[in-house]
Amino acid sequence: MSDQQPPANDDDGAARALPDVPEDIAAAARLAPDHWLGAVDPAWRGEGPPPEWAVVGEWRSGMDGGVVEWRDNDDYRPSPATLGWPEPTDPVDEAVQLASTGYGPEEDVTRLLASAEVAVLLGPDGGPLAARTPDGSAVVPIFTSESHLLSVGQLASRILPMTDVAGQLPEGHRVYVNPTGPVSMVVDTEALVAALQALTPAPTTPTEKMP
């Protein structure tokens with residue numbers, strides 16, 4: 001039996017072609033006639049029913065178990081892979097991509113960044129180069145991989161632990177992660193400092209010797 005279905009109709013009755021039906025959806029439709037079947041972005045890995053923003057759209061099965069209709073989900077957020085972004089170069093870059101699309105928390109960016117070594121461009125004084133984003137925010141660009149750094153061109157740079165970079169930030173500046181990447185992120189300084197402090201072991205109080 002073929003899974004081919006007649007074209008669906010728009011609201012005005014005009015015929016339109018139905019998108020190619022995935023085999024798993026066609027099989028589910030045969031088992032559940034007259035149902036809406038959600039198509040979930042492959043990046044969603046959570047437990048339980050997916051959130052509305054991870055659902056690409058829905059297929060409707062007809063009374064005979066064939067797929068007869070597709071509708072888009074206006075609340076859908078495409079994942080990095082669906083958007084066609086390149087594979088992340090490192091864990092921080094991956095966290096930035098996921099946080100930017102809503103598939104991961106921003107806290108993962110600061111947590112991973114706190115323990116990372118990054119490259120900074122050097123200003124005339126030899127310190128990290130300060131710059132401004134298109135919206136006027138004062139930032140210090142940082143790069144989490146060589147490929148992001150090379151995209152800037154032949155400019156002087158240095159690799160530093162994030163702790164050192166944070167200690168050299170000019171007043172009122174934030175770090176700007178991978179401005180040459182497919183997606184970048186300006187990180188809140190207070191959140192970054194908190195993540196750095198979480199890595200520092202608490203001082204221990206020496207115990208008195210027994211007489």
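At 53% relative accessibility, Glu23 counts as exposed, and this residue makes a handy way into the predicted model described here. Glu23 pairs up with Arg30 in a salt bridge, where the closest N and O atoms sit 3.4 Å apart. Arg30 itself is partly exposed, at 40% relative accessibility. The general idea is simple enough: side chains of opposite charge can pair when their charged atoms come close.

Glu23 also belongs to helix α1, where Asp24 and Leu31 join it as exposed residues on one side. The buried residues of α1 are Ile25, Ala26 and Ala29. These three span an arc of only 100° around the axis, so they end up on the same side of α1. And what lies over them? The cover for the buried residues of α1 includes strands β3, β4 (residues 55-61) and β5 (residues 67-72). So α1 has a buried side, with Ile25, Ala26 and Ala29 on the same face, and another side where Glu23, Asp24 and Leu31 are exposed.

Just after α1 comes a small oddity. Asp34 sits in the loop between α1 (residues 23-31) and β3 (residues 36-40), and its phi is near 55°, a positive value in a residue other than glycine. That stands out because most residues other than glycine have a negative phi. Asp34 is partly exposed, with a relative accessible area of 45%.

Zooming out, the chain has 211 residues, and 35% of them count as buried. Its secondary structure comes to six helices and 11 strands. Among contacts with a separation of 6 or more, 56% link residues 24 or more positions apart. The chain exposes about 13100 Å², and carbon and sulfur atoms supply 53% of that area.

How many salt bridges does the structure hold? There are four, and the Glu23 and Arg30 pair is one of them. Another joins the side chains of Glu69 and Arg60, at 2.8 Å from N to O. Both partners are partly exposed: Glu69 has a relative accessibility of 24%, and Arg60 comes in at 25%.

A further salt bridge links the side chains of Arg111 and Asp108, at 3.3 Å from N to O. Both residues lie in helix α3 (residues 106-114), three residues apart, which is about one turn of the helix. Here a bit of helix geometry helps: an α-helix has 3.6 residues a turn, so residues three or four places apart point the same way. Arg111 is partly exposed, with a relative accessible area of 48%, and Asp108 is partly exposed too, at 26%.

Helix α3 has its buried residues as well, namely Val109, Thr110, Leu113 and Ala114. They take up an arc of only 120° around the axis, so they fall on the same side of α3.

Then there is His148, placed in helix α4 (residues 146-150). Is His148 buried or exposed? With a relative accessible area of 6%, His148 falls under the 20% cut-off, so it counts as buried. Its side chain makes a polar contact with the side chain of Thr89, at 3.4 Å. Leaving aside residues up to four places away in sequence, His148 touches Thr89, Asp93, Phe143, Asn178, Thr180, Gly181 and Pro182.

One residue on that contact list, Asn178, deserves a second look. Asn178 is found in the loop between β10 and β11 (residues 185-187). Its phi is near 50°, which is again a positive value in a residue other than glycine. Asn178 is buried, with a relative accessible area of 1%, whereas Asp34 is partly exposed, at 45%.

Finally, how far can the model be trusted from place to place? The mean pLDDT of the chain is 87, and 87% of its residues reach 70 or more. Confidence is highest in strand β10 (residues 174-177), at a mean of 98, and lowest in strand β2 (residues 15-16), at 45. Over residues 11-15 the pLDDT is below 50, and this stretch has five contacts in the model beyond near neighbours in sequence. Residues 1-9 also stay under 50, with 17 contacts beyond four places in sequence. Where pLDDT is low, the predicted coordinates should not be read in detail.

How values were computed
Residues numbered from 1 in each chain as written. Predicted model: local features only at pLDDT ≥ 70, side-chain atom pairs only at ≥ 80, totals over all residues. Heavy atoms only, no water. Helix = DSSP H or I, 4+ residues; strand = E, 2+ residues; numbered from the N terminus. Buried < 20%, exposed > 50% of the residue type's maximum accessible area, 1.4 Å probe, protein only. Contact = heavy atoms within 4.5 Å. Areas by Shrake-Rupley, 256 points an atom, 1.4 Å probe, with all protein chains shown as cover. Polar contact = N/O pair within 3.5 Å; in protein donor to acceptor, adjacent residues only side chain to side chain. pLDDT = per-residue confidence, 0-100. Arc of directions from axis to C-beta.
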